[in-house]
Each structure stands twice: as C-alpha cells, then as structure tokens.
Amino acid sequence: MCMQITQVKSYQRWAWAGNDIVHSTIVPASRQVPGHRTKYYDIDIREYLSTEDNAVVRTTVKKIVSELSPLEQARFSSADEGSFDFRADAVVNFVARTIHYENRNRGFDHWRFPDETLAIEQGDCEDIAFLLAALLESSGISPYCIRVALGCVTHRSKDGTLNTTDHSWVV
C-alpha cells in the first residue's frame, strides 16, 4: 500500500516482517540524483530523520506549543511525570490535524523529507512517519525512545481474504 513500488522492498538485508532490528542504515535512495534521470544512489536512512538544528522542524514545534494554553505550554516543556506522553500526544494531534494522508501506491514512491511533507501538508505512511519522528525528537523526546518501523501489515478485507501491504509507522 505505502511502498509497493520501491527499490527498498527488494533490499535483502532488511527484515520486512518487522521481527528483527537491522543495524545497517544504508538503503537505496527512492529518488534520483537531481539532474540525472537514471542515477540512483545509496542513502543513510537517518537522513530522513536529521533534525539537529533543523529550523523548519524546530519552528513547527514552536507552532505546536503556541497553539496550547499557558498551562499546557508549561507541561509541554516540563520533565515531570506524564509530560513526555503529553508532548507526544500534542505532536501526534498536530500531525493528524495538519497532514493529509496520501495513498501513493501507484508508480514509484519517492520518500519525502520532513520539511517537504510539512510544505505540502500531505504524505504517505513513511513520509508521515519520518515527519512524526522528527517532530517528536525536536520536541525533546530522546531519539533513543523513537523508532521508525518499516514492515508489513496483514489485514482481512470485507470478503475475508488476507492482504499484506508494506507499511511504516513510529514506535
């Protein structure tokens, strides 16, 4: 569904079942080198999550905080019990309100960086997962607590058949 046509799916060192943590972060890029129609390259998947000093992501977190009441703003920046859950909920609610899910299961899927997803306010599962993870980290939640999972989801359709689709989500 989300990553049906991609070079990453066939990458054999990945555990698409989601039952293993894969430590290699190099994957084939889902986009071409600008100016070259056929040249693809390897990319470190962490580039999609690079938020250290990312002004766009940081400004978005400030916007999320500005939409909260003064009491909620204090809780958002607190380290008190429950504040990290509150922070995560505020970020998740912002993404749910502002980013439209776009099902791009036709054609080649070019993964978007968080800045790009914010700019167009839409994306498919991995675009939204990368954005959500970047916002959570920028909000002060430790990157050691945030993972973007790439795997498969199996669901039963109305006629009873099982369908398996590739999917991405934040853990």
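Rings of Phe, Tyr and Trp, taking the six-membered ring of Trp, are paired here when their centres lie within 6.5 Å. With that in hand, and remembering that this is a predicted model, begin the tour by selecting Tyr48, Trp111, Phe113 and Phe130, which together form one aromatic cluster. Across the whole structure, a search finds four aromatic pairs. Within the cluster, look at Tyr48 and Trp111, whose ring centres are 5.4 Å apart and whose planes meet at 70°, so this pair is edge-to-face, since planes over 60 degrees apart are counted that way.

Now colour the chain by position and follow it to each of these two rings. Tyr48 lies in the loop between strand E2 (42-44) and helix H1 (55-66), whereas Trp111 lies in the loop between strand E3 (100-101) and helix H4 (114-120), so that the pair links parts of the chain 63 residues apart. If you add a surface, are these two residues buried or exposed? Tyr48 is buried, with a relative accessible area of 0%, and Trp111 also counts as buried, at 1% relative accessibility.

Next, select Phe76, Val91, Val95 and Leu135, which, of the 21 residues in the largest nonpolar core, touch the most other members. Showing the helices around them is useful, as H1, helix H3 (83-98) and helix H5 (125-138) each supply at least two residues of this core, and H5 gives the most, with seven residues. Apart from this core lies another, of eight residues, which includes Val27, Ala29, Ile45 and the Trp111 already visited. In soluble globular proteins, nonpolar side chains tend to be buried together.

Stay with Phe76 and display its surroundings. Leaving aside residues up to four places away in sequence, Phe76 touches Val61, Ile64, Val65, Leu68, Phe86, Arg87, Ala90, Val91 and Ser139. Among these neighbours, Arg87 deserves a separate view, as its charged end sits over the ring of Phe76, 5.6 Å from the ring centre.

Finally, move to strands E5 (residues 148-156) and E6 (residues 162-170), which run antiparallel and are joined by nine bridges. Two positions help in reading the register: Leu150 has Ser168 in E6 as its bridge partner, and Cys152 stands opposite Asp166 in E6. To end, select Gly160 in the hairpin of E5 and E6, where five residues lie between the strands and Gly160 takes a positive phi near 95°.

Terms used: Residues numbered from 1 in each chain as written. Predicted model: local features only at pLDDT ≥ 70, side-chain atom pairs only at ≥ 80, totals over all residues. Heavy atoms only, no water. Phe/Tyr/Trp six-rings, centres within 6.5 Å; stacked < 30°, edge-to-face > 60°. Helix = DSSP H or I, 4+ residues; strand = E, 2+ residues; numbered from the N terminus. Buried < 20%, exposed > 50% of the residue type's maximum accessible area, 1.4 Å probe, protein only. Lys NZ or Arg CZ within 6 Å of the ring centre and 35° of its normal. Core = buried A, V, L, I, M, F, W, Y, C linked by side-chain atoms within 4.5 Å. Contact = heavy atoms within 4.5 Å. Pairing = 2+ DSSP bridges.
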